Amino acid sequence: MDKNPHPPIEDDSSSSSSGTSRRGFLTQVAVAGAGLTLTPLLTGAKEILPGAPPGPAQTSTVTLTVNGQKHTLNMDERTSLLDALRENLAMPGTKKGCDHGQCGACTVLVNGRRINSCLTFAVMHQGDEITTIEGLAKGDELHPMQAAFLKHDAFQCGYCTPGQICSAVGLINEGHARTDADIHELMSGNICRCGAYQNIVAAIKEVKNV
Amino acid sequence: MNEIVGKPIDRVDGRLKVTGKATYSAEYFPKNMVYGVLVLSTIAKGRIKNIDSRQAERVPGFVGIMSYKNSMSLHFPQGADPGAGKFAEKDLLPMQNNRIYYDGQAVAVVMAETFEQAEHAASLVKIDYEIEKPTVGLEGNLSSKYKPAAGMGGAQIQAMRGDADAALHSSEVKFEQTYTTPVYHHNAMEPHATIAEWTGDNLMVYDATQSVTGVRSLLSAMLGAPSDKINVVALFIGGGFGSKGFTWPNTILTAMAAKQINRPVKLVLSRQQMFTTAGRRSQTIQKISFGATSAGKLTSTKHETISESSFVDEYVETAGLATNMLYSCPNVEVSHSLVRLNRVTPCPTRAPGEAPGTFALEVAMDELAYQLKMDPVQLRLVNYADTDEGKSKQFSSKNLKECYRRGAEAIGWAQRNPQVGSMREGDYLVGYGMATATYPANRSPSSAKAILYADGHAEIMCATQDIGTGTYTIMTQAAADIFGLPVEKVQVKLGNSAYPKGANSGGSQVTASVGPAIRAAAVGVLEKLKKMAISDNASPLHGHKEENIFASDGRIHLKDNADKGETYTQLLNRQGLQKVEALAKTNVSNRQQTESNPAAKGTAEASAEEESKTNPAVQEDEHVDRKPYSFHSFGAQFVRVLVDPLLNRVKVDRAVSVMDIGKVMNLKLATNQIMGGMIFGIGMALLEETAYDPNNGRVVTRDLAQYLVPVNADMPQLEVQFIDIPDPIISPIGARGIGEIGITGITAAINNAIYHATGKRVRDLPVTLDKLI
């Protein structure tokens, strides 16, 4: 079982239980036309009626620019940017810790600003420049923040680390952090349960002062 | 020879972690994989009357649903040895019948082509229940408490020496108080995740676990599948803290679901689900009584703990065990009782027992010190235990007095005005507090394989795990020293059940257990190389004695003439060998047990046992008589808090830990571990608490916005020091564990500092500001 992502574009081979292939299903949705896509709320409302079938999920084609590379995806509109990265694009460097914007593990940079990728839909990011942990290093040369995290041992298990590093890069871009207390406060959206906070702050200070 | 061990080198897996290339269990993409989402019970007790999945089945992409109605039958696993795999709830195999024992119990798995579809379909599954009245709340159910026969793995949990009641009755000074701790949740950052794929009878499982071999044996036992056809992999684990030590339903269910639909299934718990299906720390009520002389010498100590477990397994939070050995006292009674509640079963949580136990004991010691008008450090010195009086054994190594001394100096204890409420800094009240930290040093059987390749690099394989503690790194250091190779030339491979069985990542035992096995395996390879060279006419070492041959810089050479020798590459190339490998098994703590129950013939473990009979490192290790010794780590923790007198907001300002944990394998990583423990303790002391609805028994605080864990802004200035004296008895490595001890003591130290600052003693954790009004 190697790391073989399922293809980003719809796959003929995977069929739903009703016997409709995914491509076939998407075509039906497209043919069904604008009426359906314009009334998601109405469709949603019907779903909760007893006995009524759930409405078909809405899909859209979106081009995401991730670490400078364009990816065109036809995807469920409910897909968060986080899940689009992890599951649809098979780039699991960005982590899911809570899926509710409460832990920061999913932090990525969108047009240079740090955001929780679990709190935003992928389809909202057509045309945005998305930078993930996989896009920070230049080949073998680590981004200064990555190098500082490594040097200061600013992690243990490493699961919050991609989010911490993206957040730290965003923090420096923002230019607000002047004191240690500022760094503590402005990095408080990124939980490290292993408790490497002191080292995280040391790493950020090193990069900030260069 | 001991050159790299001890050095503060960067983590060997650090580059993978900072580039997002470390692969965790949810991050594999087998072809044709579907997404599974758990459906949990919304009642705490009763029966499922009906599961209506008609709506769910209409969701596009729906693949299947598994519940007790159509799931495969499971076998009860045999034995309760955590090293052999422990299913968390022995009386509740998942989805075997319609009974509900707690809120958030796994009742169905819904599978669909995409995660979004699976989530949507799972939300449409309608379950009707026959609701029964659950047993809710520890305080209201104390009348049902009972004394369990034993703790985990048959541990002795009731202890008595002398007559604590009589001594208390006749003592000059008496003290008695009750302390309470709430349910805590581990909340490792990586949610529990499993991917299972069957290929014929072969089962491949990626699982977020602290024990790959444990999961393999459980899957084998519960599914009735041959163990040698199951492979469990956990290369990187996003923290565990005990929650991934036992195996929870999600792992078994993923394998069952994959079998049912004959496709690979990925199932990841949501953060909310982790509050009811992946363990927790038990709530405790602890009563401590002391009798003492007016000079502070303890004459009687009693520690009575009531904790709670579920109706489907018995897990005891052994809070009183440390009380049996931490101080010198002739009359001691330690007892543990359990109450059964309709909650998920508790499990080990960072420093199980000791974390809540030292909170109660060390706050009580502080209270006694104030009652006696004595310095809290002095009280501990007066009652210093030179031996383990509970076991009547000597300690393998104990340097706790030095910890007190250095800790006091680092925090500026001498400058503290002992008068309560007397110190200020600006608008803030200032408080100083201290406590003793302790955790047992465990060691269990481990085996490992070492391979030296002709190109001069070495590989180590061991089925233990690195859960963030640094095992990859320190094992690389240990092996590099034996081989005389730089760390870049040594690759340590862990987290795969196909490797020789290593210790599970719990109980702070990995370094002490796995380290000696890896070291011995490397020694085994060197022995083979030496023999080859000695009998090889063309070798400069031909005819020399084994004991005169050393290894360093990628060569074997004469001890007193380093020039006379050859590189590993030269030797292996001449011998026409690609590699030389050795297996070793070190087995100290359970020697007896394993001799009567040797590993199954033909297994890697059996080969390791056989090879170990002639391995000098194993033989030397096994030769040490450890029976007369008690193994514990110790430490002293000191904190300075600032309390805002208007808002009662507590800020931990500084915290110092001085730890006696034997040999420090890597100062950088060890310091990080202790700091992490201290921060866990800050959460325990001030923030964390799982609340249950008092009526229906459901968890109320089921996300990270309601269950507060420490964030960067909660962090004090932390200082960590180590005594760094190798433990001469526990193993040739000399290191005791380090993962747990950081959280013991600190909670009490914070509490004691708050008392010093404010004069308010809060005996119920966490110390939230409402309790200081």
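Why does the end-to-end distance of helix α11 of chain B, residues 471-483, agree with its number of residues? At 1.5 Å a residue, the 13 residues of this helix should span 18 Å, and the end C-alpha atoms are indeed 18 Å apart, so the two values agree. I should state at the outset that this is a predicted model.

Let me stay with α11(B) for a moment. The helix is mostly covered, with 13 of its 13 residues buried. What follows directly after α11(B)? The next residue of note is B:Gly484, which adopts a positive phi of about 65° just after the helix.

I turn now to a pair of helices in chain B. In general, two packed helices are described by the angle between their axes and the distance between the axes. Here the pair consists of α12(B), residues 510-534, and α13(B), residues 568-575. They pack at an angle of about 65°, and their axes are 11 Å apart. The crossing of α12(B) past α13(B) is left-handed. On the α12(B) side, the contact is made by B:Leu529, B:Met532 and B:Ala533; on the α13(B) side, it is made by B:Tyr568, B:Leu571 and B:Gln575. By class, the residues of this contact comprise five nonpolar, one polar and no charged.

Next, the domains of chain A. The domain assignment gives domain 1, covering 22-135, and domain 2, covering 144-209. To their contact, domain 1 of chain A contributes 15 residues and domain 2 of chain A contributes 13 residues. On the domain 1 side, the elements that give two or more residues are β3 (107-110) and β4 (113-116) of chain A. Of these, β3(A) gives the most, with three residues. The residues on that side of domain 1 divide into six nonpolar, six polar and three charged.

Finally, I come to the contact between the two chains. How many residues does each of chains A and B provide? Chain B provides 62 residues and chain A provides 61 residues. On the chain B side, the elements that give two or more residues are α1 (14-18), β3 (62-67), α3 (115-123) and α17 (667-687) of chain B. The most is given by α17(B), with seven residues. The side of chain B that touches chain A has 30 nonpolar, 17 polar and 15 charged residues.

To close, I return to the opening helix: the 18 Å between the end C-alpha atoms of α11(B) agrees with the expected span, and 13 of its 13 residues are buried.

Note on methods. Residues numbered from 1 in each chain as written. Chains lettered and ligands numbered in written order. Predicted model: local features only at pLDDT ≥ 70, side-chain atom pairs only at ≥ 80, totals over all residues. Axes fitted to C-alpha atoms, helices over the stretch in contact; angles between N-to-C directions. Helix = DSSP H or I, 4+ residues; strand = E, 2+ residues; numbered from the N terminus. Left-handed = near helix turned anticlockwise from the far one by under 90°. Contact = placed C-beta atoms within 7 Å. Nonpolar A, V, L, I, M, F, W, Y, C, P; charged D, E, K, R; others polar. Domains from an automatic or database assignment. Expected span 1.5 Å × (residues − 1). Buried ≥ 20, exposed ≤ 12 C-beta atoms within 10 Å, placed from the backbone.
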